[in-house]
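Let's walk through this structure together, starting with one small detail and working outward. Have the 3D view open as you read.

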Protein chains: 2
Amino acid sequence: MTKPNKTSYDKTERNTVRRVPRRADHDVDTVHRLFDQAWFCHVGFVCEPGPTIIPMFHARIDDQIILHGATSSRLMMLIASGVPICLSVAMVDGLVLTRSLFHHSLNYRSADAFGFGEVITDPASRTRAFQAIAGKVMPGRWDEARQPNEQEAKASLLCSVQIESASAKIRTGGPIDDKDDYQLDVWAGVVPLQEQMLTPVSDPLSLREIAIPDYIDEFRRNRNG
Amino acid sequence: MTKPNKTSYDKTERNTVRRVPRRADHDVDTVHRLFDQAWFCHVGFVCEPGPTIIPMFHARIDDQIILHGATSSRLMMLIASGVPICLSVAMVDGLVLTRSLFHHSLNYRSADAFGFGEVITDPASRTRAFQAIAGKVMPGRWDEARQPNEQEAKASLLCSVQIESASAKIRTGGPIDDKDDYQLDVWAGVVPLQEQMLTPVSDPLSLREIAIPDYIDEFRRNRNG
């Protein structure tokens, strides 16, 4: 698991952004950042009679996306079998309201990655994958919560997907109207959307009161910006 | 475009939820609600050499999902051609932190729908689809913003996807740990995630000051809860 020796993904038939290509980005760091920001990815695969998508929690290590599930999971077995898969993340940042309905838009950040699943078997790589998953849910959690025991590790299938090809597509900024429409008496602007991490709610089934750990507050501050 | 004459989608090989089936729901209203709540859906289709996913803005009319794009768009032409597609929406509501890493989870709402795209050609249905799209971005906007002119209408390909099969999967609630782990001195609970619609930002390119319309404030209040 090493960093790709390139700063951008090669443009291919597959990852060429056709609509509004000025919003496209094939930069490796951009794609990685978007996969890091998204809480989950949509995993697309072909399962006769057609395409199927399942949203899955993911983590990233270098240029690989880590997926995990039960060893008994049909989906995980399919991913493990090495069929071609597509991983897609998207986040909405705002509603862009223009004077004409035609130019209404969303501000968003999205990325698509293509690759093939592979089972992670090496013990050190498995531990690293478990740590990446735990760290994605909550940085600092690996060191505090109980780590997987032998039985739990056996029940967990870990797969990596080396990103063979990818593209990002991002829209930011304000409304863009046709010249004549600026004369219209219609409010135009952006209604920003933002995910907030709210105050943690302690498990009412806890046997005793335990203070909310500092790493949760820190993560909240970082995410909430 | 009529309401389905059923309250739940038939369970088939395709839409059977295999992992944690107690979280599954095939109720028509639940699936519709989730598609209404999501700002966009992930559209999955097969485009050799494999599966491809594109996030797209959507609206819903009865049991149909409405997709739109440029008539020149390859994606829209593919959807219009009637190939099998999968539509997937997912929203995260919280990080579920358990005492063991193994039982960490997310609270989420997701739905998958399967169907085939069909071009909307009938003028009345096209107008209804345009209205549904405008009303999804912002209820009330259709009546205020400039409606599509002939040229814009010609440039817009509208497709409907009748939901042939669908399922929802939802997780709510607190952490669930193995019995022995409740003794551990580890904080457990939920960190809620919530999308907030922030204060609208007026377009700095506006020729004069126009007050933010009431329907935007109302929509914000409704979405922010």
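Start at a single pairing: A:Gln196 has B:Gln194 in S9(B) as its bridge partner. That bridge belongs to a wider match, since S9(A) and strand S9 (residues 189–197) of chain B pair in the antiparallel sense over five bridges. Strands pair here if DSSP finds at least two bridges between them. Helices (H or I, at least four residues) and strands (E, at least two) are DSSP runs, numbered from the N terminus.

A word on the model: it is predicted, so local features need pLDDT of at least 70 and side-chain atom pairs count only at pLDDT 80 or more, while totals for chains, interfaces and linings use all residues. Residues are numbered from 1 along each chain as its sequence is written, and chains are lettered from A and ligands numbered from 1 in the order in which they are written.

Now step back to the whole contact, which takes 77 residues from chain A and 77 residues from chain B. Two residues are in contact if their C-beta atoms, placed from the backbone, lie within 7 Å. On the chain A side, elements giving two or more residues include strand S3 (50–61), helix H3 (123–137) and strand S9 (189–197). The largest share, nine residues, comes from S9(A).

Finally, look at chain A as a whole. Six helices and ten strands make up its list of elements, and its C-alpha trace spans about 70 × 50 × 40 Å along the principal axes. Among contacts between residues at least 6 apart in sequence, 71% join residues at least 24 apart.
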